[in-house]
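Colleague: I want a quick tour of this model before I use it. Can you keep it short?

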There are 2 protein chains.
Amino acid sequence: MSQSFHPSQRTLMGPGPSDVSPRVLEALGRPTIGHLDPEFIGLMDEIKGLLQYAFKTENELTLPVSAPGSAGMEACFVNLVSPGDKVIVCQNGVFGGRMKENVERAGGTAVMVEDEWGKPIDVNKVADAFAQHPDVSILAFVHAETSTGVESDAKALCQLARDNDALTIVDTVTSLGGIEIDVDGWGIDAVYSGTQKCLSCVPGISPVSFGPRAVERISSREHKVQSWFLDMQLVMGYWGGNTKRAYHHTAPVNAMYALHEALVMLKDEGLENAWQRHQLHHKALVAGLEAMGLSMVVAVESRLPQLNLIAIPEGVDDAVVRSELLSRYNLEIGAGLGALAGKAWRIGLMGHACNQTNVLLCLSALESVLAAQGAAINQGVAVPAAMAVYS
Amino acid sequence: MSQSFHPSQRTLMGPGPSDVSPRVLEALGRPTIGHLDPEFIGLMDEIKGLLQYAFKTENELTLPVSAPGSAGMEACFVNLVSPGDKVIVCQNGVFGGRMKENVERAGGTAVMVEDEWGKPIDVNKVADAFAQHPDVSILAFVHAETSTGVESDAKALCQLARDNDALTIVDTVTSLGGIEIDVDGWGIDAVYSGTQKCLSCVPGISPVSFGPRAVERISSREHKVQSWFLDMQLVMGYWGGNTKRAYHHTAPVNAMYALHEALVMLKDEGLENAWQRHQLHHKALVAGLEAMGLSMVVAVESRLPQLNLIAIPEGVDDAVVRSELLSRYNLEIGAGLGALAGKAWRIGLMGHACNQTNVLLCLSALESVLAAQGAAINQGVAVPAAMAVYS
């Protein structure tokens, strides 16, 4: 007889998924209703309003794509890029590379603007790219690079795009709910995110929002969107507010319960309070890590509070440390990706996982495992240093 | 303050989502772990094995796509269709039309073979289409049409495709777990399904399987797959068995718990037993409906036991009846789609929802509502007729 699966109770402090609130898990398991049930239609309206709050936008076309963040990214690119379009893609980590793939698979040409992994996007380089390629119609970049823990200046980049008559596609997978995003204030045209980071929800859904200029671009397309599943002209018929809901695909009903609950929690806390909470625990974590003698990879002014890149000390075995943390402390932290593989750890403080208990657990566990590995660290000082931030 | 959402407890006897087992809902809400956690990797292996059991296949490339059935459909088409390919698409309901969209958006040409809605695919017509178009490389059809409740002869159609050196793409969204599917025995090359029908799981995931000929076609593609998210060459790196798991996208971890539990339940019951259960309750439902004086839309030999098309009696208001069933009995049945809108109801008996209690509830509620609407039906005989089938 086959066995049911019972996962261990982990503490998720990697790059996501992050800890999910018990309230969200409980909502997820509520009885399934039909995707055309009047009660579900009401829920969809509420989710739309809550997403508008989270993104700080009044965009009518704001909805959760029924698939992970990668599909949200693809939804933005396949709807806005037509064959022959030229798109500036900023790359300072893994996800800029994925954007390039998306542009090319949609028949566009990507003009790459590259920055070192661990550094923010250089706005001047992007300005140069616009100057060299006046026919660029879209600027695409990652606000918060999940692979490096770096924040780029989304507001300045969006202004630059406007000055050059280009639309913007902005990846906010790791930023939404953790640091400021102001879709309307910054003039972002298309944005996508994920549920499994600072929204404290289960993975699998991608909130997106399209502004008026993006909707106009979609409506005036000459080529059909290459994806039927992600075609916003069709999806609008189901999620749009004014007309009768037209069946497009079966919504992931229970995942919508979870997302709704997570967004209700975010609204009750308040966006600004959530951002401040991420800052506070980030400072405590960094104080503890630095007291231990570890160093941060990213410069202070570009650090994401919700994703902390720590240099792996000389002579320490990356995989052994992560494995010990997982097996002995049920604590997950993230490995480095790409250019940072084996050189850095990624410690997440995202959403529900961003709290004092997790900060202290992480510092104690890391100290203990590193000491056992013979690393040259200062012992007994990390937790007091973190607690000093809280007091 | 925003409010949590508490859905009514519905009985889901529409075209899906169907009732989800409490075991599956409980599994869904278990604590989230990381998508690269060794425990999760073990779970993925089990899910793959259980899906191979459900599909009756040894295909190595068998996995759940992290999105609804529409995305599973698109995964099959974008990976197998290259620009310029000619594909025979059979249409005898809504989903054949969606297949056509998929072929064309992937740059292929669709040769349509159309049959009346409510009738199965005519194998002779498909043979004629192959004769007229010897350069066709793929045959695509729906095994169990969700819009009409009709089963087509998948075995004969697959044999015909083999005889003409064409691959097959088969939609089994509504059939998997409800009626026989034999992927290896019938020689299906690519198949997709959904979790929210006869698997008794929540909506949002699409199991797929690709056979050796399909994998060979994918591996020898000259054009990159137009979707990054659905590119099986990339997904294989994460779901493939032999190599180190490569990060592709964040798996919907909790949905995988639910799918695993649903598949464990299916295996414990046994595929053949599940098919027999669907037949039994279908017979009871039909006996009751016919005793009441209602008539079935689909001929006996093509009826799907899990999705029953009932002709709406003259003078009865479709929407009022469904609305009364929902508001007074918490019972959802489905409207007709496309050519059958307003003319038929779709009553599902899928997976966990396929049981004696639901059959009797449906018959009693429908009798009561129709009588109140003044329909000319026989009262007091439906439940005894159904019970006679059970005794």
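## Helix end, burial and symmetry

Colleague: What phi does N330(B) take, just after α12(B)?
Modeller: Helices here are DSSP runs of H or I with at least four residues, strands are E runs of at least two, and both are numbered from the N terminus. Most residues other than glycine have a negative phi. N330(B), just after α12(B), has a positive phi of about 55°.

Colleague: What pLDDT do local features need?
Modeller: Residues are numbered from 1 along each chain as its sequence is written, while chains are lettered from A and ligands numbered from 1 in the order in which they are written. This is a predicted model: totals for chains, interfaces and linings use all residues, side-chain atom pairs count only at pLDDT 80 or more, and local features need pLDDT of at least 70.

Colleague: How far does α12(B) reach from its first C-alpha to its last?
Modeller: The helix covers residues 318–329, 12 residues in total. The expected span is 1.5 Å times one less than the number of residues. That gives 16 Å, and the model is close to it, at 16 Å.

Colleague: Within what arc do the buried residues of α12(B) fall?
Modeller: Buried needs 20 or more other C-beta atoms within 10 Å of a residue's own, exposed means 12 or fewer, partly exposed lies in between, and C-beta atoms are placed from the backbone. V321(B), L325(B) and L326(B) are buried. They line one face of the helix, because the arc, taken over directions from the helix axis to the C-beta atoms, is 130°.

Colleague: Which exposed residues sit on the face of α12(B) turned away from its buried side?
Modeller: The buried residues have cover that includes β12 (331–335) and α13 (356–372) of chain B. The face turned away carries A319(B), V320(B), S327(B) and R328(B).

Colleague: What rotation superposes chain B on chain A?
Modeller: The fit is least squares on C-alpha atoms of residues with pLDDT of at least 70 in both copies. It leaves an RMSD of 0.0 Å, with 0.0 Å of shift along the axis and a rotation of 180°. That relation is a two-fold axis, and the rotation is 180°.

Colleague: Which helix gives the most to the side of chain B that touches chain A?
Modeller: Contact means C-beta atoms, placed from the backbone, within 7 Å. The interface takes 62 residues from chain B and 62 residues from chain A. The copies meet through the same surface, because 100% of the interface residues of chain B are also interface residues in chain A. With nine residues, the helix that gives the most on the chain B side is α10(B).

Colleague: Which residue of its own chain does T250(B) touch, leaving out those up to four places away in sequence?
Modeller: T250(B) sits in the loop between α9 (232–239) and α10 of chain B. It counts as buried because it has 24 C-beta neighbours inside 10 Å. Its contacts include G16(A), P17(A) and Q196(A) and, 215 residues away along its own chain, H35(B).

Colleague: What is omega of the bond joining G16(A) and P17(A)?
Modeller: P17(A) lies in the loop between β1 (11–13) and α1 (22–28) of chain A. Most peptide bonds are trans. The bond joining G16(A) and P17(A) is cis, with omega about 5°.

Terms used: Two residues are in contact if their C-beta atoms, placed from the backbone, lie within 7 Å.
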